[in-house]
Amino acid sequence: MAVAVLSLCYLIGSITFIVGLKMLSHPRTARRGNLVAAAGMGIAIIGTIFLYRTDDGLPLHNYGWIFSGLIIGGIIGTVLARKVKMTAMPEMVSLFNGMGGLCAALISVNEFDHLLHVDPLLFVIGALVSGNNLILHVFIILAGLIIGSISFAGSMIALGKLAGKIGVWRFQGQQVVNIAVLLITLLLAIGLLTTNTFFNGWIFGLIMLMALLYGVLFVMPIGGADMPVVISVLNSCTGIAAACGGFLYDNQVMLTGGILVGSAGAILTVLMCKAMNRSLKNVLLGSFGGVQSDHAAQAQQSYKEITVSDAAVVLAYAKKVMIVPGYGLAVAQAQHTCHELEKLLEERGVEVKYAIHPVAGRMPGHMNVLLAEADVSYEKLLEMEQANSEFETTDAVLVLGANDVVNPAAKEDPGSPIYGMPVLEVEKAGTIIVNKRSMKPGYAGIENMLFYRPKTAMLFGDAKQVLQQLIQAIKEL
Amino acid sequence: MISLLQFLHDHLEMAYIVVLSIFLGVEVISRVPSVLHTPLMSGANAIHGVVIIGAIIVMGQASPDNYFALIIGFLAVIVGTLNVVGGFVVTDRMLDMFRTRKKKEA
């Protein structure tokens with residue numbers, strides 16, 4: 001009876017995941033969708049705790065451990081998720097993703113440990129009775145271990161990169177080393193599967209170590225600007241690792257949830273790459289911003305600076321202003337100040353809109369989330385195509401901490417690493433004011449020719465401070 | 001090869017789930033507006049936290065004197081819960097901002 005009820009719980013769980021994901025993809029139902037999926041998860045978890053029966057028909061034990069684990073994890077998770085600033089949201093997603101990967105890897109460790117403790121004789125008989133299913137069992141354990149470990153290590157490095165703590169690390173022959181590490185991992189795994197002498201904890205530990213190392217090496221050469229794509233890939237990986245658990249325990253809800261996320265993550269990755277007009281291979285090999293085509297930049301190094309009061313005049317007397325937000329806005333937590341400026345300009349009769357590049361910031365939709373927090377109205381956010389058709393009728397563009405998404409090299413310089421990526425064509429507008437902290441190239445490490453163009457004026461400083469000064473200056477006009 | 005076929009036959013139901021889920025995932029995501037990419041990624045992130053169920057099963061079966069298994073299982077439960085709870089709470093927070101904006105417009 002208990003098992004039948006549990007099956008029902010899992011069925012409900014699976015349905016809520018599907019319905020939840022579906023609802024999450026529509027703005028109106030998104031929030032409810034998240035709650036629906038969370039409720040289904042709750043049902044599946046509680047059902048597992050109380051209704052699960054082992055192969056021998058026994059209920060689970062170690063309740064003390066299970067509940068303290070759930071409580072500790074729950075408290076830490078809630079606090080982290082509640083306290084974190086909106087700008088650090090991508091980091092959080094990366095962190096939680098890594099935790100899921102680690103969880104899958106630890107399950108594999110435990111299952112393998114369990115196998116080692118089984119009486120060898122029983123083990124052999126079991127293998128004989130069930131044909132070669134034992135090998136497949138170990139295969140799934142290994143798959144969960146390797147994928148989970150890569151996902152964990154990769155997510156942690158991605159987290160460090162998003163937080164700006166880890167830079168890009170490249171060396172000669174890096175691809176060869178990466179492939180070698182992955183190959184060694186796989187060879188060890190095959191060895192463990194097929195050779196009796198390899199069937200021990202040491203080799204297993206070594207495989208985990210190599211998989212972790214590969215996760216680190218895999219993310220290391222990729223530029224910070226590509227982290228959204230990387231996180232999406234790792235998200236997909238963790239889904240597959242979770243699905244391995246589904247196979248291991250014949251558990252349908254783990255399987256549905258895991259595979260659903262695995263395929264959804266894969267498609268999301270493809271969508272993101274499409275938005276940047278780059279192939280996934282290109283992103284993952286880390287070719288972004290390696291050797292830059294900065295020969296053009298060296299030819300004409302002069303750029304124009306503009307004072308805050310001049311910029312204020314330009315903005316206040318324009319008919320139509322387009323704001324292009326980027327990561328700089330997020331770092332400076334300037335979304336509220338930006339909204340204030342928008343309101344102030346609107347009061348003066350200036351039409352203000354936002355041009356949102358699909359990969360501006362550190363995640364797709366990052367800017368939308370950020371501006372939504374500051375109560376910027378939904379209609380003011382223009383998607384790229386729409387914005388590009390409106391730049392011609394725009395008097396002034398204010399670029400706030402965005403760089404690569406407005407780089408004209410993507411259209412003009414075939415030698416540029418980002419050549420072919422759709423960008424916001426801000427140059428069509430009358431005047432372009434670029435706010436940046438310094439002339440340093442953006443996250444992708446590519447020189448931006450826009451800054452040297454005659455129509456462009458640079459306004460250096462922290463986005464928030466600059467915006468505050470602008471507001472002050474406009475008020476005094 | 002034969003063992004693989006046998007495995008497939010034994011787990012036919014699972015194979016169907018895998019195939020259908022793949023198509024389902026693709027269907028659901030390909031129609032999402034870019035505004036919702038981040039919350040959706042975060043929501044999907046929370047859903048793969050379903051791996052916690054495996055952690056609970058492992059933990060609940062570990063023999064009480066095998067401290068290695070207990071500690072590893074305990075860690076697995078903690079990080080799995082982190083994934084689930086953190087994932088859903090972060091997603092809710094992101095979506096909450098969309099909601100407040102809508103209310104004010106209305």
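What percentage of the 477 residues in chain A do buried residues make up? Buried residues come to 50% of chain A, where a residue is buried if 20 or more other C-beta atoms lie within 10 Å of its own, exposed if 12 or fewer, and partly exposed in between, with C-beta atoms placed from the backbone. The model is a predicted one, in which local features need pLDDT of at least 70 and side-chain atom pairs count only at pLDDT 80 or more, while totals for chains, interfaces and linings use all residues. Residues are numbered from 1 along each chain as its sequence is written, and chains are lettered from A and ligands numbered from 1 in the order in which they are written.

**The two chains**

Chain A has 19 helices and six strands, whereas chain B has five helices and zero strands; helices (H or I, at least four residues) and strands (E, at least two) are DSSP runs, numbered from the N terminus. Along the principal axes, the C-alpha atoms of chain A fill a box of roughly 85 × 50 × 30 Å. The table sets out burial and contacts by chain, two residues being in contact if their C-beta atoms, placed from the backbone, lie within 7 Å.

| Chain | Buried residues | Share of contacts with a separation of 6 or more that join residues 24 or more positions apart |
|---|---|---|
| Chain A | 50% of 477 residues | 79% |
| Chain B | 58% of 106 residues | 64% |

**The interface**

Between the chains, 97 residues of chain A are in contact with 81 residues of chain B. On the chain A side, the elements that contribute two or more residues include α1 (2-24), α2 (30-51), α3 (63-83), α6 (133-162) and α10 (252-276) of chain A, and the largest share, 17 residues, comes from α4(A). Sorted by class, this side of chain A has 53 nonpolar, 36 polar and eight charged residues, where Ala, Val, Leu, Ile, Met, Phe, Trp, Tyr, Cys and Pro count as nonpolar, Asp, Glu, Lys and Arg as charged, and the others, Gly among them, as polar.

Helix α4 of chain A is also the place of A:Leu115, a residue that is partly exposed, with 16 other C-beta atoms within 10 Å. From C-alpha to C-alpha, A:Leu115 and A:Leu345 are 69 Å apart in space, and they are 230 residues apart in sequence.

**The sheet of chain A**

Six strands of chain A form an open sheet with parallel pairing, in the order β3-β2-β1-β4-β5-β6; two strands pair if DSSP finds at least two bridges between them. β3 (381-383) and β6 (456-460) of chain A stand at the edges with a single partner strand each, so one side of each is left without a neighbour in the sheet. On average, and with direction ignored, neighbouring strands of this sheet are turned by 25° against each other, axes being lines fitted to C-alpha atoms, for helices over the stretch in contact, and angles running from 0 to 180 degrees between N-to-C directions. Helix α15 (residues 335-347) of chain A packs on the sheet, where it touches β1 (320-325), β2 (351-356) and β4 of chain A, and its direction makes about 145° with that of β2(A).

Strand β5 (residues 431-436) of chain A pairs in the parallel sense with β4 (residues 396-400) of chain A over five bridges, and β5(A) and β6(A) likewise pair in the parallel sense over five bridges. Opposite A:Ile432 in β5(A) stands A:Val397, and A:Ile432 also stands opposite A:Thr456 in β6(A), while A:Leu398 stands opposite A:Ile433 in β5(A). β5(A) is mostly covered, with five of its six residues buried.

**Helix α13 and the nonpolar core**

In helix α13 (residues 308-316) of chain A, the buried residues are A:Ala311, A:Ala312 and A:Leu315. They cover an arc of only 105° around the axis, which puts them on the same side of α13(A); the arc is that of the directions from the helix axis to the C-beta atoms. Among the elements that cover these buried residues of α13(A) are β1, α15, β4, β5, β6 and α19 (463-476) of chain A.

The largest nonpolar core, that is, a set of buried Ala, Val, Leu, Ile, Met, Phe, Trp, Tyr and Cys residues joined through C-beta atoms within 7 Å, has 183 residues, and those with the most contacts inside it are A:Cys103, A:Ile207, A:Val324 and A:Val399. Helix α5 (residues 67-105) of chain B gives the most to this core, with 15 residues. Leaving aside neighbours within four places in sequence, A:Ile207 is in contact with A:Leu142, A:Leu145, A:Ile146, A:Thr185, A:Leu188, A:Ala189 and A:Leu192.
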